Structure formats: structure tokens, C-alpha cells
Amino acid sequence: MASRPQPRVSIIIPVYNEEAILQSAVVDLIDRLQEFDWPYELILAENGSSDRTVEIAEQLSERFGQVVVRSLGEPNYGKALKEGILAANGEFVLCDEIDLCDTDFYRRALALLEANEAELVVGSKVMAGASDERPILRHTATIILNGMLRVAVGFKGTDTHGLKAFRRAPLVDIARQCLVDKDLFASEFVIRAERAGIRIKEIPIRVLEKRPPSVHLFRRVPNVLKNMAKLFVAIRVKG
Ligand SMILES: Nc1nc2c(ncn2[C@@H]2O[C@H](COP(=O)(O)OP(=O)(O)O)[C@@H](O)[C@H]2O)c(=O)[nH]1
Ligand SMILES: [Mg+2]
């Protein structure tokens, strides 16, 4: 570890009960990352898995020095992502998902960040030019969630969840300030960045998942509604 170069890029992937694809997805991603010349760390931000995810992640970390495993607590996507961001060392941070591993997004987003055309790049599944190959119900859920974010907290973009890339320095304190976890942390992060005057650019992405989500859409709804209320208070009341 000590001899590893300081990473220029930190890739953060929250993982939960991913024993079926974790090994192959990470090996394939590391292979595809060879085309880039930047040193990177790959942070697997796990929490709460009840399958062999942690064991497999640790084996990957032993095999590949650039893989770091963080594993603590109850299942909580937002908390894992936030902790990953706070632990990142790179000048740039890429947030991905294990069923996507979209290196095309990395290339396009880093080009924008390096050219200083944006400080935060969000991969949008629904803007013009995007191609969302998920089932129509999930595509619709994304549009409904964004509509709710517009009304509740004045969000101006088209997507908050999923792929993101940013310069760590101006964004790390914004991640730290976020009060909501689970599914809506990512939304709070983008909305706080928007309100803080961070230069944000959305770029269209193609979403072709390797597998359906581990938690069914309908089971997420109560939590999303609860956290939407918390987000409203966090942004509109506490500010
Ligand atoms: N650490 C952590 N990761 C999670 C959790 N739920 C989902 N993930 C990860 O977040 C990413 C996206 O999850 P997915 O099930 O595909 O849901 P989607 O975002 O709706 O497509 C994947 O890498 C999952 O393993 C969780 O509770 N904790
Ligand atoms: Mg997914």
C-alpha cells in the first residue's frame, strides 16, 4: 500500500449483496481502466450485505492493490456513498454502480472536469440524447422522483441518482453537510451543490444494467417518501 502512487482519481462503488457479479464486474472494470493513464483507487463502499459480498471484496482488495474495501453497518446506499466520498483521496471522484461500471462516462466526465467546464458532472438517464434501457416503470420512477425534487426543493436538473464525477476539493464539504441518507443522499448532494453555485453539467448516458436492482422499486417507496420530507426540511428549513 505504501508504495502505491497517490491516486489522481477515486472511483466509488456502493455495493450491497452483489456476490453474483462483484468479482467479474471489478475484474472487467480494472481491465478496461488500463486504457486510462491516471493512477486510481477503487473504493467498494459496502454495508449490510448478508451474502459473500464482503469476502469477495476483500479477496479483490488482496489481489489488486488499488481496491479499497469499506464495510460497516446496516444496508444504506447513501451512507456508504457519503463515507466513500469522505474517504476518497483523488483530485477527482467518480461515483458509479456495480451493475453499470461505465468507463465511457468516466472519459467524457473527466474531460469536462479537466477542461474546467464543470466542477460536477452528472450522468442523466432522462435528458435528450440519453438511452435508458431499464424497464419503463423504473424510467418513469426516475421522472417522478425528479418532478418531486423540483417541487419540493427547487431542483433544476433532470437526474440526481447514479453516475457522477466531480473535483473533490469543492464538493467534499457539500457531501459532509448532507443530512439525508439512503436513496436520497445523492439527490441532496446534487441539490446542495446547485444551491452553493457549483458549476454543474449534465451529460446523457446509456443505462444498460447487468442485472435488476437488488431491492425492488416498490419496497423503496416508503423510504423515499420519508426521506423526501426530511430533505425538504434539510434544504428549505435548515438550509
Ligand atoms: N453499500 C450499499 N450499496 C447499495 C445498497 N443498495 C444498493 N447498493 C448499490 O448501489 C448500486 C445501485 O444499486 P441498484 O440495486 O442497481 O439500484 P438502482 O440504483 O436503482 O439501479 C449497486 O452497486 C448496488 O450494489 C445499500 O444498501 N448499501
Ligand atoms: Mg442498477
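Visitor: In which hand does H3 pass H6?

Guide: Helix H3 passes H6 in a left-handed crossing. Do keep in mind that this is a predicted model. The axes of H3 (residues 77-87) and H6 (residues 168-177) come within 10 Å and cross at roughly 145°.

Visitor: What makes the meeting of H3 and H6, and which residues take part?

Guide: From H3 come Lys82, Ile85 and Leu86, and they meet Val172, Ala175 and Arg176 of H6. Contact requires heavy atoms within 4.5 Å.

Visitor: Why is aspartate 99 called buried?

Guide: The cut-off for buried is under 20% relative accessible area. Aspartate 99 has 3%, so it is buried.

Visitor: And why does glutamate 209 count as partly exposed?

Guide: Its relative accessibility is 21%. Buried means under 20% and exposed means over 50%, so glutamate 209, at 21%, falls in between.

Visitor: What makes Asp99 and Glu209 donors of the magnesium ion (ligand 2)?

Guide: A donor atom has to be within 2.8 Å of this metal. Asp99 (OD) and Glu209 (OE) lie 2.1 to 2.2 Å from the ion, so both qualify as its protein donors. The pair links distant parts of the chain, 110 residues apart. Aspartate 99 is in the loop between S4 and H4, while glutamate 209 is in the loop between strand S9 (206-207) and helix H8 (217-238).

Visitor: How do you know that aspartate 99 and arginine 211 share a polar contact?

Guide: Their side chains are joined at 3.4 Å, and the limit for such a pair of N or O atoms is 3.5 Å, so the distance fits. Leaving aside neighbours within four places in sequence, aspartate 99 is also in contact with Ile21, Leu208, Glu209 and Lys210.

Visitor: Let's move on to H4. How does its span compare with the one expected?

Guide: Helix H4 (residues 103-114) reaches 16 Å from its first C-alpha to its last, close to the 16 Å expected for its 12 residues at 1.5 Å a residue. At its start, a side-chain oxygen of aspartate 102 reaches to within 3.1 Å of the backbone nitrogen of aspartate 104. After H4 comes asparagine 116, with a positive phi near 60°.

Visitor: Which residues of H4 are buried, and what covers them?

Guide: The buried ones are Thr103, Phe105, Tyr106, Ala109, Leu110, Leu112 and Leu113. Their cover includes strand S1 (9-15), helix H1 (22-32) and strand S8 (200-204).

Technical notes: Residues numbered from 1 in each chain as written. Chains lettered and ligands numbered in written order. Predicted model: local features only at pLDDT ≥ 70, side-chain atom pairs only at ≥ 80, totals over all residues. Heavy atoms only, no water. Helix = DSSP H or I, 4+ residues; strand = E, 2+ residues; numbered from the N terminus. Expected span 1.5 Å × (residues − 1). Buried < 20%, exposed > 50% of the residue type's maximum accessible area, 1.4 Å probe, protein only. Polar contact = N/O pair within 3.5 Å; in protein donor to acceptor, adjacent residues only side chain to side chain. Donors = N, O, S within 2.8 Å, 3.2 Å for Na, K, Ca; no water. Axes fitted to C-alpha atoms, helices over the stretch in contact; angles between N-to-C directions. Left-handed = near helix turned anticlockwise from the far one by under 90°.
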